[in-house]
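Hi everyone, thanks for coming along. Today I'd like to walk you through one protein chain, piece by piece, so please have a look at it while I talk.

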Amino acid sequence: MIRKLIGGAGAVGLSLFTATAAFAQEAAAAAAPTVDKGDTAWMMTSTLLVLMMILPGLALFYGGLARTKNMLSVMTQVGAVACLAMVIWVAYGYSMSFGNDFSSDFLKQFISNFDKSFLKGVTAESTAATFTQGVAIPEYVFVCFQMTFAAITVALVLGSVVERMKFSAVMIFGAIWLTIVYFPIAHMVWASSGVFFAMGALDFAGGTVVHINAGVSALVAALMLGKRIGYGKEIMAPHSLTMTGIGTGLLWVGWFGFNAGSALEANGSAALAMMNTFVATAAAALAWMVAEKLSGHKASALGFCSGIVAGLVAVTPAAGNSGPLGAIVLGAVAAVICYFAVTKLKPKLGYDDALDAFGVHGIGGMIGAIGTGIVYSSALGGPSGEGWEMAHQLKTQIFAVGTTIVWAAVGTAIAITIAKALTGLRVAEEVEREGLDLGEHGERAYNY
């Protein structure tokens with residue numbers, strides 16, 4: 001009888017253990033993130049849209065604004081530095097920005113994390129979380145998406161230094177700048193242990209990471225490099241506003257991948273970002289031309305293109321953090337302020353920001369990042385919930401903006417100094433007068 005009881009108890013225990021193990025496995029399977037094919041397809045599309053923003057979008061936009069003799073050099077610099085960013089991103093940039101979280105302490109945010117160098121541990125099976133619990137996308141897709149952000153940001157900086165900076169200096173500057181400026185800021189804003197992320201700073205698609213970073217860096221680089229020969233004395237009009245117009249259109253279309261793609265899913269948040277990217281941009285284009293007219297000038301094609309970019313820049317941090325009405329107001333306000341920064345502030349201070357990278361991206365990024373703390377309010381159509389305080393959010397936004405400005409300025413000064421020590425930084429006077437197309441690349445954009 002005792003043997004039968006023991007045997008029965010053992011059988012029951014075994015069956016309970018088996019059932020418990022099976023339940024645990026089912027629970028683990030249920031908890032594991034599921035890769036959504038629709039979200040994955042959208043994110044792959046968004047990644048290609050951002051690539052289109054660089055080549056041909058930004059290359060044509062910037063190239064058209066330059067003089068004929070520098071057209072190819074601008075396009076080559078934009079493309080080459082973007083390619084450099086992609087290689088560095090795989091080597092260690094992704095690891096520094098999104099590697100295994102090591103600390104939420106502010107002072108430790110800048111400790112290099114190389115656990116995922118050369119994408120160690122990233123496989124076809126590894127996943128990256130989205131904003132919906134239990135839903136994921138392949139990690140390779142997330143790596144590629146964020147890689148295009150790094151590539152376009154460093155290319156944006158070049159807008160202030162074209163027509164006078166050596167190609168070798170551009171490449172050295174780009175490598176150093178990405179390492180000490182872009183990757184740390186990207187970690188602070190978008191990594192789960194990032195100090196700005198933990199504070200609740202709102203940056204949906206890169207107002208601080210991309211535009212303030214690039215704009216402030218562009219200003220510092222332009223000041224350190226010096227003015228172009230003849231600046232303020234010779235006419236330096238864009239050689240092809242037609243190409244700039246084409247580039248603007250490509251930028252706007254690509255920006256939907258930039259903004260709506262930052263939702264990381266094909267859902268309502270992406271739809272909101274898409275809507276805001278339409279209306280903020282449209283309002284900004286119109287507002288810039290109105291500002292031109294009220295200032296005594298004709299509404300221009302260049303103003304139309306500049307307004308579009310200003311609106312896109314301003315709505316980037318607010319894309320999924322604002323209602324359509326807030327986005328319209330934000331875009332229009334940013335366009336007017338950027339207009340005066342470009343037409344009044346720059347001439348008054350006398351700096352040579354060749355293609356207005358600071359005036360549009362820097363100023364527009366600041367307006368957008370701080371303004372996001374306002375338009376996020378549900379009273380203005382934003383997605384804020386109960387208990388949200390605008391004053392607290394504005395303090396957080398201003399802290400993130402201020403820190404980014406200081407970090408970008410100091411890092412850029414270091415990168416420019418090193419590039420100058422290694423290459424001399426600036427082309428010879430005869431090369432600048434002849435044009436960088438021939439002097440740096442041995443080619444002409446146009447052969448008549």
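I'll start with how confident the model is, then go through the sheet, the cores and a few single residues.

First, a word on confidence, since what you see is a predicted model. The mean pLDDT of the chain is 92, and 90% of its residues reach 70 or more. Residues 1-30 are another story: there the pLDDT is below 50. In the model, that stretch has zero contacts beyond near neighbours in sequence. So much for the start of the chain; let's move on.

Now find the sheet. In what order do its three strands stand? The order is β1-β3-β2, in an open sheet with mixed pairing. The edges belong to β1 (34-35) and β2 (127-129). Each of those two has a single partner strand, so one side of each is left without a neighbour in the sheet.

Here is a bit of background for the newcomers. Strands of a sheet pair through backbone hydrogen bonds, and they can do so parallel or antiparallel.

Let's take the two pairings in turn. β1 pairs with strand β3 (residues 135-138) in the parallel sense, over two bridges. If you want a residue to click on, try Thr34, whose bridge partner in β3 is Val135. Helix α2 packs on this sheet, touching β1 and β3, and its direction makes about 45 degrees with that of β3.

On to the other pairing. β2 and β3 run antiparallel and are joined by three bridges. Here you can look at Ala129, which stands opposite Ala136 in β3. β2 and β3 make a hairpin with five residues between the strands, and in this hairpin Gly134 takes a positive phi near 90 degrees. Helix α4 (residues 139-157) lies across β2 and β3, running at about 70 degrees to β3.

Next, the inside of the protein. In soluble globular proteins, nonpolar side chains tend to be buried together. In this model, the largest nonpolar core has 110 residues. Which helix gives the most to this core? That is α5 (residues 167-190), with 14 residues. The residues with the most contacts inside the core are Tyr62, Trp89, Met165, Trp177, Leu178, Tyr182 and Phe258.

Let's zoom in on one of them, Trp89. Leaving aside neighbours within four places in sequence, the contacts of Trp89 include Tyr94, Phe98, Val143, Met147, Tyr182 and Phe183. Ser97, Gln146 and Ala150 are also among the residues that Trp89 contacts. Apart from the largest core lies another one, of five residues, among them Ala314, Ala318, Leu330 and Ala334.

Now for some single residues, beginning with a proline. Pro56 lies in helix α2 (residues 37-65). What kind of peptide bond joins Leu55 and Pro56? The bond is cis, with omega at about 15 degrees. Pro56 is partly exposed, with a relative accessible area of 35%. Along the chain, Pro56 and Val78 are 22 residues apart, and their C-alpha atoms are separated by 9.6 Å.

Two other residues go well together, as each has a positive phi without being glycine. One is Phe118, with phi near 50 degrees. Phe118 is found in the loop between α3 (71-98) and β2. The other is Leu264, with phi near 65 degrees, in the loop between α8 (241-260) and α9 (268-294). Are they buried or exposed? Phe118 counts as exposed, because its relative accessibility is 64% and the cut-off for exposed is over 50%. Leu264 counts as buried, because its relative accessibility is 8% and the cut-off for buried is under 20%.

Let me finish with two serines. Ser306 is found in helix α10 (residues 301-315) and is buried, with a relative accessible area of 14%. Ser306 and Gly63 are 243 residues apart along the chain, while their C-alpha atoms are separated by 14 Å.

The other serine is Ser384, in the loop between α12 (357-375) and α13 (390-423). At 9% relative accessibility, Ser384 counts as buried too. What does Ser384 touch, once residues up to four places away in sequence are set aside? The answer is Tyr376, Ser377 and Ser378. With Ser378 there is also a polar link to look at: a polar atom of the Ser384 side chain lies 2.8 Å from the backbone nitrogen of Ser378.

That's my tour, and thanks for listening!

Conventions
Residues are numbered from 1 along each chain as its sequence is written. This is a predicted model: local features need pLDDT of at least 70, side-chain atom pairs count only at pLDDT 80 or more; totals for chains, interfaces and linings use all residues. Side-chain values use heavy atoms; hydrogens and water are left out. pLDDT is the predictor's confidence in each residue, from 0 to 100. Contact means heavy atoms within 4.5 Å. Helices (H or I, at least four residues) and strands (E, at least two) are DSSP runs, numbered from the N terminus. Buried means under 20% relative accessible area, exposed over 50%, partly exposed in between (1.4 Å probe, protein chains only). A polar contact is a pair of N or O atoms within 3.5 Å; within protein, one must be able to donate a hydrogen and the other to accept it, and residues adjacent in sequence count only if both atoms are side-chain atoms. Two strands pair if DSSP finds at least two bridges between them. Axes are lines fitted to C-alpha atoms, for helices over the stretch in contact, and angles run from 0 to 180 degrees between N-to-C directions. A nonpolar core is a set of buried Ala, Val, Leu, Ile, Met, Phe, Trp, Tyr and Cys residues joined through side-chain atoms within 4.5 Å.
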